[in-house]
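Hi everyone, thanks for squeezing me in. I'll put the sequence and the structure up, and then we can walk through a few spots together.

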Amino acid sequence: DRALERPKTKRAKRFLEKREPKLNENTKNAMLIKGGNANLTVTEVLKDIVSFWTKNITRPFEDQTTLEFFSKKSDCSLFLFGSHNKKRPNNLIIGRMFDYHVLDMIELGVEKFVSLKDIKNSKCPEGTKPMLIFAGDVFDVNEEYRRLKSLLIDFFRGPTVPSIRLAGLEYVLHFTAVDGKIYMRSYKVLLKKSGCKIPRIELEEMGPSLDLVMRRTHLASDDLYKLSLKQPKGLKPKKKKNISHDVLGTTYGRIHMQKQDLSKLQTRKMKGLKKRPAEKSAEDGVATPKKSKSA
């Protein structure tokens, strides 16, 4: 209820204004939650993915109120929960919120993990925007894998930028889905000399590296998912009338004008086009008599 959220101070008013719906939403934040029974492997995975994480004992698939509370408190729309037990060892749950309620949630088991410190190669600077690559037809065919792909894009895409320089394309996250497993690999892009303008590209693995298997899923209904993708009218491009495009991308415009009398069209006056008196009188239907030569 908005009456309950009525601010009493200017600081509270600014805080609520920041959380109000916007045409261009803020960059999505993610919270990492470490379960009370998380082991060393899960802890290292959480540390390697991001540095901010909170410890709490919860079971997201059984009770989502704790996640929703933390989401609203920290204004985070993404989460990654890590836990470990005998039934589900080395467990990760990745998910996202819509209006501070759980929208999608997918449970992944870590079968193999190689941390950043175990791979002795140079690393990318912290905060580098990654290039995301997905390999495997299952990411486009299976609905659960399709949602997982969308989730991973949301989680790793980072802030939206208007432009990027070539040297800034130095971090690759590669996800491969094959035989019921998902392989996540991280690479640093090396730009080598090639003898021409376009550099030769090499990939050097830098970690972390994970072999994952999908476990439980909690997916939003089609109607709710469609509602979460709805864009405000202010962001939709306005339809321009009488404009068309061909297959090559050329733009054509149609202009509607009144019918013009071309005989009254003013053109540039030239001596060669000037009418003689005889031509003028012939048009009027009157013949001009010829002057007799004087003797």
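Quick bit of vocabulary: two strands pair if DSSP finds at least two bridges between them, and helices (H or I, at least four residues) and strands (E, at least two) are DSSP runs numbered from the N terminus. Keep in mind that this is a predicted model, where local features need pLDDT of at least 70, side-chain atom pairs count only at pLDDT 80 or more, and totals for chains, interfaces and linings use all residues. Residues are numbered from 1 along each chain as its sequence is written, and side-chain values use heavy atoms, with hydrogens and water left out.

Okay, the strands. E6 (residues 131–135) runs parallel to E7 (residues 171–178), with five bridges, and Met131 sits opposite Val172 in E7. On to E8 (residues 181–192): E7 pairs with E8 in the antiparallel sense over eight bridges, and His174 has Arg185 in E8 as its bridge partner. E7 and E8 make a hairpin with two residues between them, and Asp179 in that turn has a positive phi of about 55°.

Now Ile94, which is in strand E4 (residues 91–98). Is Ile94 buried or exposed? Its relative accessibility is 5%, so Ile94 counts as buried; buried means under 20% relative accessible area, exposed over 50%, partly exposed in between (1.4 Å probe, protein chains only). Leu151 is 57 residues away from Ile94 in sequence, yet the C-alpha to C-alpha distance is 7.7 Å.

Last stop, helix H3 (residues 65–74): its buried residues are Leu67, Glu68, Phe70 and Ser71. Just after H3, Asp75 takes a positive phi of about 55°.
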